[in-house]
Amino acid sequence: MSLDSRRGVPTVAIVDDEEDITTYLRVALEDAGYCVVATTDAASALSLLSRSRPDLNCPDLHPPEHTGLSLYASLVQHEELGKVPIVILSGLTNREGLPEMLRQADGLPEPAAFIEKPVDIEQFLQILQRLLEPGGRS
């Protein structure tokens, strides 16, 4: 749990290779009262997320240089970060293919939610609220 989370402000981590998207989501989430940690560098994301200890992780599924799938696997398998809900961000239009993609990648579990890009902020905020409220990870 991040320092801000202990003060009652949930921290959301955004990992997306497109700086416009991280900026857009940062501003929207901060306006909604969240603390945001964002990076466009998927290769160093695990280190950043381990230090910041967010309450919810939102990685892009297809960043360059470090596939989103390998980042997702690293998050799921991480001792501490694996306990944090994950909301996948993706430009994929076929979310039905996601479970099969995860099964093929060593049987990874499905994320808590999937948000298609371009991100609908109202939908995103509803998902975050549901996942971050006490007992809301269903």
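**Entry 1: helix α3**

I started with what sits on top of α3's buried residues: the cover includes β1, β2, β3 and α4 (68-77). Note to self before going on: this is a predicted model. The buried residues of α3 turned out to be A45, L48, L49 and S52. They span an arc of only 95° around the axis, so they sit on the same side of α3. I then checked how the helix is laid down. α3 covers residues 45-52 and lies across β1, β2 and β3, at about 160° to β2. Just after α3 comes R53, and I noted its positive phi, near 50°. R53 comes back under the salt bridges.

**Entry 2: the overall layout**

I stepped back to the chain as a whole. I counted six helices and five strands in the protein chain. Going along the sequence, the pattern reads α-β-α-β-α-β-α-β-α-β-α. Of the 138 residues in the protein chain, 45% are buried. I also looked at the contacts between residues at least 6 apart in sequence: 68% of them join residues at least 24 apart.

**Entry 3: the three-stranded sheet**

Which order do the three strands of the open sheet take? I read it as β2-β1-β3, with parallel pairing. The edges are β2 (35-39) and β3 (56-59), each of which pairs on one side only. Ignoring direction, neighbouring strands in this sheet are turned by 15° against each other on average. Reminder for the notebook: strands of a sheet pair through backbone hydrogen bonds, either parallel or antiparallel.

I followed one pairing up close. Strand β1 is residues 11-15, and five bridges join it to β2 in parallel. Opposite T11 I found C35 of β2.

A second helix also packs here. α6 (residues 121-132) lies across β1 and β3, and it runs at about 145° to β3.

**Entry 4: the other pair of strands**

Next I went to β4 and β5. They pair in the parallel sense over four bridges. For L89, the bridge partner in β5 is I115. Is β4 covered on one face or both? Both: V87 and L89 are buried on one side, and I88 and S90 are buried on the other.

**Entry 5: cysteines**

Having met C35 in the sheet, I looked for disulfides. A disulfide is a covalent bond between the sulfur atoms of two cysteines. Searching the whole structure gave me zero disulfides. I still wanted to know where the cysteines sit. C35 has 19% relative accessibility, so I logged C35 as buried; the cut-off is under 20%. C58 is at 0% and therefore buried.

**Entry 6: salt bridges**

How many salt bridges does the structure hold? I got five. Side chains of opposite charge can pair when their charged atoms come close.

I took K117 and D16 to begin with. Their closest N and O atoms are 2.6 Å apart. K117 is in the loop between β5 (113-116) and α6, while D16 is in the loop between β1 and α2 (19-31), so this pair ties together parts 101 residues apart in sequence. Are these two buried or exposed? Both K117 and D16 are buried.

Then I checked E30 with R26, where the closest N and O atoms are 3.6 Å apart. Both residues lie in helix α2, four residues apart, which is about one turn of the helix. E30 has 39% relative accessibility, so I put E30 down as partly exposed. R26 is at 29%, so R26 goes down as partly exposed too.

Back to R53, as promised. R53 forms a salt bridge with E80, with the closest N and O atoms 3.9 Å apart. E80 is in the loop between α4 and β4 (87-90) and R53 in the loop between α3 and β3, so the pair links parts 27 residues apart in sequence. With 45% relative accessibility, E80 counts as partly exposed. R53, at 37%, counts as partly exposed as well.

Last thing I looked up was shared partners. D16, E18, D60 and K117 are joined into one network by salt bridges that share partners.

How values were computed. Residues are numbered from 1 along each chain as its sequence is written. This is a predicted model: local features need pLDDT of at least 70, side-chain atom pairs count only at pLDDT 80 or more; totals for chains, interfaces and linings use all residues. Side-chain values use heavy atoms; hydrogens and water are left out. A disulfide is a pair of cysteine sulfur atoms within 2.5 Å. Buried means under 20% relative accessible area, exposed over 50%, partly exposed in between (1.4 Å probe, protein chains only). Two strands pair if DSSP finds at least two bridges between them. Helices (H or I, at least four residues) and strands (E, at least two) are DSSP runs, numbered from the N terminus. Axes are lines fitted to C-alpha atoms, for helices over the stretch in contact, and angles run from 0 to 180 degrees between N-to-C directions. Contact means heavy atoms within 4.5 Å. The arc is that of the directions from the helix axis to the C-beta atoms. A salt bridge is a side-chain nitrogen of Lys or Arg within 4 Å of a carboxyl oxygen of Asp or Glu.
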